[in-house]
Amino acid sequence: MAGGIFSPLGSCSELEKANCHPLVCLLCHEPYQHPCLLDCYHNFCASCLRGRASDGRLRCPLCGHPSVVRGGTGLPPVDRLLQFLVDSSADGEEDVQCANCDRRCAKAELDTMYFCNTCGQPLCAPCREETHRAKMFARHEIVSLSKRTKDIHKKCPLHEEPYIMFSTEKKSMLCIICFRDMQGESRAHCIDIETAYMQGCQRLDQAVMAVKELQTSTREAIVLLKAMIEEVRNSASEEEAAINSLFSRMQEQLSERKKTLLKAVQSQHEEKEKAFKEQLAHLASLLPTLQVHLVTCSAFLSSANKAEFLDLGYQLMERLQRIVKLPHRLRPAQTSKINSEYRAEFARCLEPLLMLSPRRSVVGSAGTIGPGIAGANMLPGSQCSKTLMVPGCPSDGDKMSTGPMVRKPTMHRYISTKVLLAEGRETPFAEHCRNYENTYRMLQTEIQGLKDQVQELHRDLTKHHSLIKTEIMSEILQKSLQMDVQIAAHYSAVEMMRSVFEEVWEETYQRVANEQEIYEAQLHDLLQLRQENSCLTTITKQIAPYVRSIAKVKERLEPR
């Protein structure tokens, strides 16, 4: 059943479009009739779930999570919160007749209707302005029709007295008799309706923020998993291409070994893709739940008055908190790298026939900082060291500008770093990546702040012709020079780690191929950040003379 609702899995926007309305059942696609709440917080009509329970357990048709059902009906409890929203929606679709002039209001005009809670009757806009403005109606409580107070929420069903207090201990409203009958220590937990409503709104806002954070994390996890699935496909394609390229030169000797290796790659591909898709399906079923509850909160706040909020709001808060506390698999359980060890297998197969040369190590020239980064961007005192290359790949000079295995974009580096850290391996490079991300994020924030300040000053100077203090320009220029020193120092620190990491890379070449890519991308990002700061410094220096000139003119005009 779950596959029928979310099959095939598409983008995040398609998953969100699957929940077009929070009051429509996902099985029958009709408005809820007696909605039931499962343990996984999915809702379905009672008629849609009837007969599905087995041995006191009912599996969710959407995500397959088992729910314990009690009683002879074989159904989970009715969701009072959702039933309230369904009833409120149904009330808004009824035609309403004014109690004063008998004017009938159509559905499209319900927003112009009012309701007198004192009289308990609906009013049209003209009658509210003409009739209910008299002094005898001055104390009547008139609200919009959607905010009218139902009888069930106005008075205590036990004593038929209006509610005046709210117990924060029992989460229930109290009339004067209920309050009088309470014990002394319980009265200390009672507050007035207005205060309880304000406190409840604040707590609900906190619960909504927690759900929104989980929603954001879920979306990021889905994007990460989809990127990893794509990387699995790309990695499988690259691995197969390399295998086929090597196999074509020794077809007769390696035919059987080729089939074995391709099967291994395909097996890894299918295994990893299946694992990622299973985790993606789990998150895909979680995202609609979060979206439905956020829309439910919005609908509940817009349609419930204070008494209705206090009656059902704490249930909603508790539900949102339990949803956030449920275990969610947001991090990938394995890497997206496919490795068949095809070189070692081919080497064993070819050992009797020929002698294989050792893996090549390409030493960069004095004018480069690693592959693909020109020496013009080198920091003073930096030295270039050798970079490990895969046999059969172009030399360092051939891939100076278009190195596909190096110089990843910042976003790709971020995803690769996140995947590396998700593996949980405590290695020197993993610790280096954690420290690098923190420092780089700090430097990036500082640079962005300086860029915003310079853009604002440039706009004020050229467009608004505003006077700018020279102290501000000097301060920005000083910060820019300090940032250049910090970036240079951080780049030198990262560059000095090359020799340490290369010793490890020589020993574990296959595993650290991805680490090398991230490392080179880090250096490239630092150079790009320094280039942006250099442009920022140049612009600041160009603006500074104009600022000083305007300041001198201002000093001459001030005595006059």
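Let me start with Ser336, which sits in the loop between helix H11, residues 306-325, and helix H12, residues 342-350. Before going on, note that this is a predicted model.

Is Ser336 buried or exposed? Its relative accessibility is 7%, and because the cut-off for buried is under 20%, Ser336 counts as buried. Its side chain has a polar contact, at 3.2 Å, with the side chain of Glu231. Glu231 also appears in the contact list. With neighbours within four places in sequence left aside, Ser336 is in contact with Met228, Glu231, Val232, Ser235 and Phe276.

The loop between H11 and H12 also holds Glu341. Here the backbone is the point of interest: phi of Glu341 is near 55°, a positive value in a residue other than glycine. Glu341 has a relative accessible area of 36%, so it is partly exposed.

There is a second case of this kind to check, Lys171. Its phi is near 55° as well, again positive and again in a residue other than glycine. Where does Lys171 lie? It is in the loop between strand E10, residues 163-167, and strand E11, residues 172-175. Lys171 comes out at 31% relative accessibility and therefore counts as partly exposed.

Back to H11, and to Ile323, which lies in that helix. Ile323 has a relative accessibility of 3%, so it counts as buried. Which residues does Ile323 touch, once those up to four places away in sequence are not counted? The list is Tyr41, Leu214, Leu290, His293 and His328. For one of these, Leu214, I also have a backbone distance. Ile323 and Leu214 are 109 residues apart along the chain, and their C-alpha atoms are separated by 9.3 Å.

His293 from that list brings me to the cavities, since His293 is one of the residues that line the second largest cavity. How many cavities of 30 Å³ or more does the structure hold? There are three. The second largest has a volume of about 60 Å³. Its lining consists of Pro22, Tyr32, Asn43, Asp79, Leu82, Val292, His293, Thr296 and Arg319. By class, that lining divides into four nonpolar residues, three polar and two charged.

Which element gives the largest share of this lining? Helix H10, residues 251-303, does, with three residues. In terms of domains, at least three lining residues come from each of domain 1, 18-86, and domain 2, 212-353.

Next, a loop elsewhere in the chain. His140 is found between helix H5, residues 125-130, and strand E9, residues 142-144. Apart from neighbours within four places in sequence, His140 is in contact with Cys116, Thr118, Cys119 and His132. Take Cys119 from that set: His140 and Cys119 are 21 residues apart in sequence, and the distance from C-alpha to C-alpha is 7.6 Å.

One more residue, Thr462, in helix H14, which covers residues 428-462. Thr462 is partly exposed, because its relative accessible area is 45% and the partly exposed class ends at 50%. Its C-alpha atom is separated by 10.0 Å from that of Ile543, and the two residues are 81 apart along the chain.

To finish, the whole protein. What does the secondary structure come to? It comes to 17 helices and 14 strands. The protein has 560 residues, of which 40% count as buried; Ser336 and Ile323 are examples from this talk. As for contacts with a separation of 6 or more, residues 24 or more positions apart account for 67% of them.

Notes: Residues numbered from 1 in each chain as written. Predicted model: local features only at pLDDT ≥ 70, side-chain atom pairs only at ≥ 80, totals over all residues. Heavy atoms only, no water. Helix = DSSP H or I, 4+ residues; strand = E, 2+ residues; numbered from the N terminus. Buried < 20%, exposed > 50% of the residue type's maximum accessible area, 1.4 Å probe, protein only. Polar contact = N/O pair within 3.5 Å; in protein donor to acceptor, adjacent residues only side chain to side chain. Contact = heavy atoms within 4.5 Å. 1 Å grid on protein atoms, 1.4 Å probe; cavity = no way out; pocket = protein on both sides within 12 Å on 5 of 7 lines; lining within 4 Å. Points joined across faces, edges and corners; volume = space filled by probe spheres on them. Nonpolar A, V, L, I, M, F, W, Y, C, P; charged D, E, K, R; others polar. Domains from an automatic or database assignment.
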